[in-house]
Amino acid sequence: MRHLLVFAGRMEAEEVAVLVGEEFPQVETPSVVREALAGEDDAEDAQWLVVVEDPGGALPAEAVTRLEELAEEHDGWREQDL
């Protein structure tokens with residue numbers, strides 16, 4: 001399972017990636033990637049993703065809730081990618 005934390009800005013994504021790494025040492029270090037919105041040609045419309053790998057869904061429900069909170073605290077949101 002993979003959790004995607006989505007942000008408008010790179011700084012927010014990088015800050016959250018560090019926080020996730022500190023709070024959840026049991027998962028791999030999150031990566032930060034830039035993702036263009038579907039159908040958008042303008043690079044300004046790209047989103048920044050913090051990719052949290054969770055093989056086998058090892059994170060408990062309260063950890064997933066915390067990922068959502070971290071995203072929301074930094075003006076982002078969480079999506080799940082199976």
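Helices (H or I, at least four residues) and strands (E, at least two) are taken as DSSP runs and numbered from the N terminus. The structure is a predicted model, in which local features need pLDDT of at least 70 and side-chain atom pairs count only at pLDDT 80 or more, whereas totals for chains, interfaces and linings use all residues. Residues are numbered from 1 along each chain as its sequence is written, and side-chain values use heavy atoms, with hydrogens and water left out.

The protein contains 2 helices and 4 strands, arranged from the N terminus in the order β-α-β-β-α-β. Of its 82 residues, 37% are buried, where buried means under 20% relative accessible area, exposed over 50%, and partly exposed in between (1.4 Å probe, protein chains only). About 5000 Å² of the protein is exposed, and carbon and sulfur atoms supply 48% of that area; accessible areas come from the Shrake-Rupley method with a 1.4 Å probe, and for residues only the protein chains shown count as cover. Among contacts (heavy atoms within 4.5 Å) with a separation of 6 or more, 66% join residues 24 or more positions apart.

Helix α1 has 14 residues, which at 1.5 Å a residue should span 20 Å, and its end C-alpha atoms are indeed 20 Å apart; the expected span is 1.5 Å times one less than the number of residues. The buried residues of α1 are A13, V16, A17 and V20. They lie on the same side of α1 because they cover an arc of only 110 degrees around the axis, the arc being that of the directions from the helix axis to the C-beta atoms. In general, an α-helix has 3.6 residues a turn, so residues three or four places apart point the same way. The buried residues of α1 pack against β1, β2, β3 and α2, while the face turned away from the buried side carries the exposed residues M11 and E22. R10 also belongs to helix α1 and, with a relative accessibility of 48%, counts as partly exposed. The C-alpha atoms of R10 and R34 are separated by 8.2 Å, although these residues are 24 apart along the chain.

The loop between α1 and β2 (31–35) holds P30. P30 is buried, its relative accessible area being 9%. Not counting residues up to four places away in sequence, P30 touches A17, V20 and G21, as well as V50, V51 and V52. P30 and A17 are 13 residues apart in sequence, and their C-alpha atoms are 5.6 Å apart in space.

Helix α2 (residues 61–73) also agrees with its expected length: its 13 residues should span 18 Å at 1.5 Å a residue, and its end C-alpha atoms are 18 Å apart. Within α2, the residues A63, V64, L67, L70 and A71 are buried. They occupy the same side of α2, since their arc around the axis is only 115 degrees. On the other side of α2, the residues A61, E62, E72 and E73 are exposed. The cover over the buried residues of α2 includes β1 (2–7), α1 (10–23), β3 (47–53) and β4. D75 lies in the loop between α2 and β4 and has a positive phi of about 60 degrees although it is not a glycine. D75 is exposed, with a relative accessible area of 69%.

A nonpolar core is a set of buried Ala, Val, Leu, Ile, Met, Phe, Trp, Tyr and Cys residues joined through side-chain atoms within 4.5 Å. The largest such core has 17 residues, of which L5 and V20 touch the most other members. Two or more residues are given to this core by each of β1, α1, β3 and α2, and α2 gives the most, with 5 residues. Beyond its neighbours up to four places away in sequence, L5 touches V16, V20, W48, L49, V50, V52, L67, A71, W77 and R78.

R78 is situated in strand β4 (residues 77–81). The side chain of R78 makes a polar contact of 3.0 Å with the side chain of H3, and another polar contact, also of 3.0 Å, with the side chain of E68. A polar contact is a pair of N or O atoms within 3.5 Å; within protein, one must be able to donate a hydrogen and the other to accept it, and residues adjacent in sequence count only if both atoms are side-chain atoms. Leaving aside neighbours within four places in sequence, the residues in contact with R78 are H3, L4, L5, V64, L67, E68 and A71.
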